[in-house]
Amino acid sequence: MTAPDKPGGQPPPGHSVQATAGRSAEEGGWRAPAGRSVVASAVKSLALVAAAVIGLVRLFTGAGWPTWGLVTACAAAAVLIVGGVAAYDVARLRSTRWRLTGERLELRSGITVRRARAVPRDRVRSVDLRADPVLRLLGLTVVKVGTGERAADGDELTLDPLTRHDAETLRRTLLRGAAADEQSGERVDRDAPLAELRWSWVRYAPLTVWTFAGAAVVLGVAYKAAERLGLEDLAEQAAGPVWDWVTGHPLPAVVLLLTVNVAVGALGAVAQFAESWGRYRLDREPGRLRLRRGLLTARSLTLEERRLRGVEVREPLLLRLGGGARVKAIATGLGKAGDGETEDVGALAPPLPRPLAWRLADAIATGDARTDLGAGLVRHPPAARRRRVVRAVVLVAVLTAMTGVVSWSVPWPWPWMGPWMGAWVWAVPAVAAPVAWWGAVTGARSLGHALAGRHLVTRQGAMIRRTVALERAGISGWTITESFFQRRAGLVTVSATTAAGDGHYEVLDVGRGDGLELAARAAPGLLEPFLVRPANGPDVSLH
Amino acid sequence: MTGTSMRPPRNRADPRAVRWWTAQWLILMVPVAAAAVWAYWTFTDRPMWLGVVVAAFGAGCLALAVGAPRAYYQVERWEVTDDAVYTRKGWLTHTWQVAPMSRIQRIDTARGPVQRLFGLADVTVTTASSAGAITIAALDHQLAADLAERLTARTQATPGDAT
């Protein structure tokens, strides 16, 4: 079982480059995954055993079995399950072999259907490590090697699992090869990180809508779990008196429920923050960024800087009110978040204090935390604000008209509450009016754009304010749209298409001339031949 | 504010496009109008005022089917230079799209069944962006084939990995 960790053995034929310290005595440098994986699988199968035992107990307590029979049955089931899982894992490990040659990383796997796959080393773009708590205790890590091109399913090669030491060595070897010609820094790990967790940031964790919706979700999950364990009768018995009490005392009950909801939601958010971002650390290694995070499940994600096309600073409403912000990478071939991942694949940092978030974004995008990408944004013309206000007014007018129709035509369904209760429907437009106004004004205020060195910076959004700094060299085309109403207001939406992130990033409702000049300067030469300027046209250098 | 604006691309769609688009609109609109007339004839007791409304609706459908393609033909334009592909489209909402040759990854020509009757084809130019595909609609099919070939040659000659 410890064969893969033995040092020594012969290097692969014809190549001096050998990644890993330990190697098995297989022919041609083929190596097995870590044998300790069997232990991990057996431990994880205990969850199945627990479920089976509960099922058996429920099934046979009614049938009048003696206790010893029940215990025997449970023990037999446990042995069967653990043994089966372990046997499967042994078979899987025996059929899985991998090796690193000078050109390729190769993997052979499959118990019944044999599969051989290879990834050329110069196409490796990411080596992601992930270890759940059980694997971590055993010093194991699952390695995912990606080429990062399309992020399609078949594009990744998974080594499940390697010892932590092997995984780390493999990661370093694969990626050093990729960035070798750029720089040769060996001990960059010792440098100060770009960012490192401070537990005080946990105060931003509850500032999401999930805090307010979360408790209901938690309750639902808890009930589902109770049902799974056969405790639904108990849950229903408990729910009955609670419901009676709630209907008996509506006012204190509502206050209490809301408080408990927020408290549970906040607790959940904090717990999730701790699990996702505990031991968070973002480093810059030569030619790439390395993100490490996770309190229980340790994750290590590596992003090549040549895939990076910019950064995005996101400020959702609640987080913004609390003075926080999040930083996301805009990169090509990032793919989708895996199962059970709570964070966006592009997320580079937990919610941070806004100044810190901006410093981090600047450092990632330009390599210098002192450049200020978010400063000096050009505001958009008053017509953009007018457009939003008109939209809000129309929305509220329609709502008011609908409310009028409803209150006039539909009788109040609960007459016992008194006829004056019907007036409550008017709360809808009354609440909507200030909210819509706020949305219009805030949305208009957040609009802005700038050209900052290598980046095109654009900002928009009322509920979620997004500031995007897109590398100008990454712009792969322009789409300019002008709706009927925009035309009358002299506005256009200039959208830069790019291979990374969302695929396109917009400069929303910018003045027509300003927007086109901005696009022309952001990617020189591209838009120029298709523009017409007035004969005594303005100097391009003026803004 | 500066007075800069986009100039229209140089080329129009093939004149046969008007007939093709008209055929498309008719395929869509004739059943709608017929259904309205049929419903009026079978399900109502044929009041005069409803007859006028239905007739106006049917006439509106047909007018749209005849008028919209002509309006499109005025608006839809395209141009291919040595460095970029440039199109304009849209009637109420104008859309201009520009893609540089260096970023083009794929060139497709497509001919639908009805389109083939009119000897037309579309050319679609795809960049690495999920949002950047540009379609030049309703070209003469020979012209479309030549254009696709020219674009392929041109993009292969342009260095860069197109991302």
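1. Transmembrane spans of chain A. For "transmembrane region", the unreviewed UniProt entry lists residues 38-61, 67-91, 204-223, 251-274, 389-411 and 423-444 of chain A; UniProt positions follow the numbering used here, feature names are shortened, and annotations may be inferred rather than shown by experiment. Keep in mind that this is a predicted model: local features need pLDDT of at least 70, side-chain atom pairs count only at pLDDT 80 or more, and totals for chains, interfaces and linings use all residues. Residues are numbered from 1 along each chain as its sequence is written, chains are lettered from A and ligands numbered from 1 in the order in which they are written, and side-chain values use heavy atoms, with hydrogens and water left out.

2. Two of those spans in the model. Residues 67-91 of chain A come out as 100% helix and 0% strand, with 36 Å between the end C-alpha atoms. Residues 423-444 of chain A are 82% helix and 0% strand, and their end C-alpha atoms sit 33 Å apart. Helices (H or I, at least four residues) and strands (E, at least two) are DSSP runs, numbered from the N terminus.

3. Chain B's spans and the loop between its helices. Here the unreviewed UniProt entry gives residues 20-41 and 47-68 of chain B as "transmembrane region". Residues 20-41 of chain B are 100% helix and 0% strand, the end C-alpha atoms being 31 Å apart. For residues 47-68 of chain B the figures are 95% helix and 0% strand, again with the end C-alpha atoms 31 Å apart. B:R46 belongs to the loop between α1 (16-43) and α2 (48-75) of chain B, and its phi is near 55°, a positive value in a residue other than glycine. Most residues other than glycine have a negative phi, and most peptide bonds are trans.

4. A cis peptide in chain A. The bond joining A:D160 and A:P161 is cis, with omega about -15°. A:P161 is part of strand β6 (residues 156-163) of chain A.

5. The A/B interface. How many residues of chain A are in contact with chain B? The count is 37 residues of chain A against 30 residues of chain B, contact meaning heavy atoms within 4.5 Å. The buried area between the chains (accessible area, 1.4 Å probe, that two parts lose on being put together, summed over both) is about 2700 Å², with carbon and sulfur atoms giving 60%. On the chain A side, A:S476, A:F530 and A:V532 lose the most area to chain B, together 24% of what that side buries.

6. Salt bridges. The rule (a side-chain nitrogen of Lys or Arg within 4 Å of a carboxyl oxygen of Asp or Glu) finds zero across the interface of chain A and chain B, although the structure holds 35 over all chains. One of them pairs A:E168 with A:R172, the closest N and O atoms being 3.3 Å apart. Both residues lie in helix α4 (residues 164-179) of chain A, four residues apart, about one turn of the helix.

7. Cavities, the largest. A cavity is a set of points, on a 1 Å grid over the protein atoms alone, where a 1.4 Å probe fits but cannot get out; lining residues have an atom within 4 Å of a point. Grid points are joined across faces, edges and corners, and a volume is the space filled by probe spheres set on the points. There are two cavities of 30 Å³ or more, and the largest has a volume of about 50 Å³. Its lining includes B:E76, B:R77, B:W78 and B:K89, and β3 (77-80), β4 (84-89) and β8 (134-140) of chain B each supply at least two lining residues.

8. Cavities, the second largest. This one holds about 40 Å³, and its lining draws on both chains, including A:S476, A:W478, B:Q97 and B:I134. β18 (475-482) of chain A and β5 (94-100) of chain B are the elements giving two or more residues to that lining.

Note on methods
1 Å grid on protein atoms, 1.4 Å probe; cavity = no way out; pocket = protein on both sides within 12 Å on 5 of 7 lines; lining within 4 Å.
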